[in-house]
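Hi,

Here is the model I promised to pass on, with my notes underneath. Have a look at it first and then read on.

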Amino acid sequence: MGLKARAPWREKKYRPLSFSAKFGWRITPESRLALSLGHGRGRVVLPLPEVISRDGQPVSPKDWGEIRLCWDRNDRSWSLHISYTAPSKALPGRAEGRPMVTVAIDEGVINPMTLAAPMPDGGMKVLVVNGRQGRSAKRYRNKVVARLTSRMSRCKNGSRKHRRLVAAKKQVEAKTERRLHDFDHQVCAKAEQFTREVHETWTEHHQEISGPATVVGVRLVAGDVRGIEQNTNKKRRASRSTRQQLSQWSRGRQEDFLQYKTGLRLEHISEAHSSQTCPRCNTRTKVRGREYVCKNESCGFRCHRDAVGGVNIHTLAVNDGTFVPDPDLDIEVTYRRSQTGWSSLQRSLHAYHQNVLGRAGAACREERRSAQNRATRTGTTAAGVAVDSAVISDDITAHPGAGRALARVA
Ligand SMILES: [Zn+2]
């Protein structure tokens, strides 16, 4: 596990030295930390730092991943940033004799994930995760890239203008990619939370019936839409803009994230007619717009379009691929938006950590304000210390939880 832990994504202002697990750093037989500076260039040996996780537990060196030696320009000191793995607990999967609950997922371009799960009272609980911000990021990128490409076509290959346009294009593409990566995480965090809540509800329910030792397994099932994003131009089944949306759909990455977060494998089943069939009377209706309205007048079922898809995928998953209508089906739909960036909780936690690390307050703000302020601060060491074990070993401080956990919050 420790091998996979990586340092936070945030770029350091000063280029840090990084030491990967096993190859870059190791624990010496005398229980000291050795940082290798490369073949034939010696190593830095330090006292073994103590790493405390966010919940106050010591983290053993075997869970450590990459270590970075960073120059803290505000504190004017070296510090070790130690990343470690802190995976969330995996949900129990399928096992012999274990009661199961199925969480069905309908994936879409407009709402990236719609989850449906039964409740012990017989109703269906549905969560629609909205993807507006992801679509807006993609649309912005597409428009900027189109504009830059058309300007590039008007200038000479390799000219100064051309080079600048290429750089601008790369910049917007990289920025969008970072936003979308965050966005996919936000979507899956909401899906994970829903799955855990469903699991909790059913665990309580089964434990009341058959004792406190009962473990409820979770089955994650998604409608199989793999491949519809490929060769959209050849197939020509959709309009130009829809084809673009399909090609840029990050469904696979979202599935990966959800599997990682829940620790479960995602099953795929055929989702044929799952968006058209009425879950109450089994009539098929072509859907127009965002709301499903059953064309069978004696039924008159109305519901959010993606919620119907989710409920039907659940029905197909638990009935071996056949629709079983339920005349008094009750669907409770909740909507959540995935917003990229920091939530208010993350913002307040960040302030808390800055405070703990002694980087908050008016005095520190004043120091940070300019290079001159930093340079004239009392008690600072000279800048530009060369990487030399004799110099740095005394100044080194390990910041507890400065690794993966801090990155998760920030
Ligand atoms: Zn109906």
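How many residues lie between β7 and β8 in the hairpin that they form? Five residues separate the two strands there. Before the rest, some housekeeping: this is a predicted model, in which local features need pLDDT of at least 70 and side-chain atom pairs count only at pLDDT 80 or more, while totals for chains, interfaces and linings use all residues. Residues are numbered from 1 along each chain as its sequence is written, and side-chain values use heavy atoms, with hydrogens and water left out.

**Around β8**

Strand and helix names come from DSSP runs (H or I of at least four residues for helices, E of at least two for strands), numbered from the N terminus. Two strands pair if DSSP finds at least two bridges between them.

Strand β7 (residues 100–107) pairs with β8 in the antiparallel sense over four bridges, and Ala104 has Ala116 in β8 as its bridge partner. On to β9 (residues 124–130): six bridges join this strand to β8, again in the antiparallel sense. Here Leu115 is matched with Leu127 in β9. The hairpin of β8 and β9 has five residues between the strands, and Gly122 takes a positive phi near 100° in it.

As for β8 itself (residues 113–118), six of its six residues are buried, where buried means under 20% relative accessible area, exposed over 50% and partly exposed in between (1.4 Å probe, protein chains only). Met113, Leu115 and Ala117 point one way from the strand, Thr114, Ala116 and Pro118 the other way.

**The open sheet**

Strands β2, β3 and β4 form an open sheet in that order, with antiparallel pairing. β2 (25–27) and β4 (43–47) are the edges and have a single partner strand each, so one side of each has no neighbour in the sheet. On average, neighbouring strands are turned by 25° against each other, direction ignored; the axes are lines fitted to C-alpha atoms, for helices over the stretch in contact, and angles run from 0 to 180 degrees between N-to-C directions. β3 (residues 32–36) is joined to β4 by five bridges, and Ala34 sits opposite Val45 in β4.

**The zinc site**

Cys278, Cys281, Cys294 and Cys299 coordinate the zinc ion through their SG atoms at 2.2 to 2.3 Å. Donors here are N, O and S atoms within 2.8 Å of the metal (3.2 Å for Na, K and Ca), and since water is not among the atoms, sites may look incomplete. Along the chain the donors follow the spacing C-x2-C-x12-C-x4-C. Cys281 is in the loop between β11 (266–269) and β12 (291–293), and Cys294, 13 residues away, is in the loop between β12 and β13 (302–304).

Why is the arrangement tetrahedral? Because the four donor atoms subtend angles of 104 to 117° around the zinc ion, and four donors count as tetrahedral if all angles lie between 85 and 135 degrees. Cys281 is partly exposed at 26% relative accessible area, whereas Cys294 is buried at 7%.

**Lys261**

Lys261 is in helix α5 (residues 251–262) and is buried, with a relative accessible area of 14%. Its contacts (heavy atoms within 4.5 Å) include Ser88, Glu192 and Arg196, not counting residues up to four places away in sequence. The side chains of Lys261 and His185 share a polar contact of 3.1 Å, that is, a pair of N or O atoms within 3.5 Å; within protein, one must be able to donate a hydrogen and the other to accept it, and residues adjacent in sequence count only if both atoms are side-chain atoms. The C-alpha atoms of Lys261 and Cys188 are 7.8 Å apart, with their positions 73 residues apart along the chain.

Cheers

Note on methods:
Tetrahedral: all angles 85-135°; square planar, octahedral: opposite > 155°, others 65-115°.
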